[in-house]
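Visitor: I would like a close look at a single part of this protein, taken slowly and set in its surroundings. Please choose one place and work outward from there.

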Amino acid sequence: MEYPKPSSFASPTPEINDALMLLAEHSSDVYWVRTSDYQQLTYVSPAYEAVWGRSCESLYRDPMSFLDAVLPTDRTRLEQQLALRVSEAEAGKKYTDTYRLQVGDEVRCVQENTVVITNSISEVTGFVGIIQDVSEYKLSLIHISEPTR
């Protein structure tokens, strides 16, 4: 099914913006918005604190600090992916990454979906993403694949 491109819609109304913000503020998923160089964070939803075990304020102060919780075995690959996003960003580009976090004594697995933000003349202005904690889902797959005794 082909969906109309966002440019064919009227500009979002304040009601739509409010509804989307309400969704982000009350979701267990982490919503975020960053600048095109990935160095500034313009928004992160409160779920960041539950998933990362760190304050949103700490991320606003140091926008790359989210990497501190990424397991070393995943961090190098993720840093390479982030650099690639910045260098290859173009209108309509989407990225999906899965990586693990160390939060206290717990290892969590998250899946991140990111989309490039562009202006009316297709210049890249930033990135927007949603991160889901998929730890329970991954564990359920392990239990399903284990043979029963």
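**A buried arginine and its surroundings**

Guide: Arg-85 counts as buried because its relative accessibility is 0%, under the 20% that marks the limit for a buried residue. The model is a predicted one, and what follows should be read with that in mind. Arg-85 is located in helix 4, the helix that spans residues 72-88 and lies across strand 1, strand 3, strand 4 and strand 5, running at about 150° to strand 3. The side chain of Arg-85 makes a polar contact with the side chain of Tyr-38, at 2.6 Å. Leaving aside residues up to four places away in sequence, Arg-85 touches Trp-32, Tyr-38, Tyr-95, Asp-97, Glu-112, Thr-114 and Phe-127.

Several of these neighbours lead into the sheet. Trp-32 has Val-44 in strand 2 as its bridge partner, and strand 1 (residues 30-35) pairs with strand 2 in the antiparallel sense over three bridges. Glu-112, another residue that Arg-85 touches, stands opposite Ile-131 in strand 5; strand 4 and strand 5 (residues 124-133) run antiparallel and are joined by nine bridges. The hairpin of strand 4 and strand 5 has five residues between the strands, and Ser-122 takes a positive phi near 65° there.

On the other side of strand 4, ten bridges join that strand (residues 106-118) to strand 3 (residues 94-103), again with the two running antiparallel. Within this pairing, Thr-98 stands opposite Gln-111. Strand 3 and strand 4 also form a hairpin, this one with two residues between them, and Gly-104 in the turn has a positive phi of about 65°.

Taken as a whole, the sheet is open and consists of five strands in the order 2-1-5-4-3, with antiparallel pairing. Strand 2 (41-44) and strand 3 are the edge strands, each of them pairing on one side only, and from one strand to the next the twist averages 20°.

The nonpolar residues give a second view of how these elements meet. The largest nonpolar core has 26 residues, and those that touch the most other members are Val-30, Val-44, Tyr-48, Trp-52, Phe-66, Tyr-99 and Leu-101. Two or more residues of this core come from each of strand 1, strand 2, helix 2 (47-52), helix 3 (56-61), helix 4, strand 3, strand 4 and strand 5, so helix 4, the helix that holds Arg-85, is also a contributor to the core. In soluble globular proteins, nonpolar side chains tend to be buried together. Trp-52 shows how far such contacts reach along the sequence: apart from residues up to four places away, Trp-52 touches Val-30, Phe-66, Ala-69, Tyr-99, Leu-101, Val-103, Arg-108 and Ile-131. Ile-131 thus links back to the sheet, since this residue of strand 5 is the one opposite Glu-112, which Arg-85 touches in turn.

Stepping back to the protein as a whole, its secondary structure comes to five helices and five strands, which follow one another along the sequence in the pattern α-β-β-α-α-α-β-β-β-α. Arg-85 belongs among the buried residues, which make up 33% of the 149 residues in the protein. Of the contacts with a separation of 6 or more, 40% are between residues 24 or more positions apart. The accessible surface comes to about 9,800 Å², and carbon and sulfur atoms account for 55% of that area.

Terms used: Residues are numbered from 1 along each chain as its sequence is written. This is a predicted model: local features need pLDDT of at least 70, side-chain atom pairs count only at pLDDT 80 or more; totals for chains, interfaces and linings use all residues. Side-chain values use heavy atoms; hydrogens and water are left out. Two strands pair if DSSP finds at least two bridges between them. Helices (H or I, at least four residues) and strands (E, at least two) are DSSP runs, numbered from the N terminus. Axes are lines fitted to C-alpha atoms, for helices over the stretch in contact, and angles run from 0 to 180 degrees between N-to-C directions. Contact means heavy atoms within 4.5 Å. A nonpolar core is a set of buried Ala, Val, Leu, Ile, Met, Phe, Trp, Tyr and Cys residues joined through side-chain atoms within 4.5 Å. Buried means under 20% relative accessible area, exposed over 50%, partly exposed in between (1.4 Å probe, protein chains only). A polar contact is a pair of N or O atoms within 3.5 Å; within protein, one must be able to donate a hydrogen and the other to accept it, and residues adjacent in sequence count only if both atoms are side-chain atoms. Accessible areas come from the Shrake-Rupley method with a 1.4 Å probe; for residues, only the protein chains shown count as cover.
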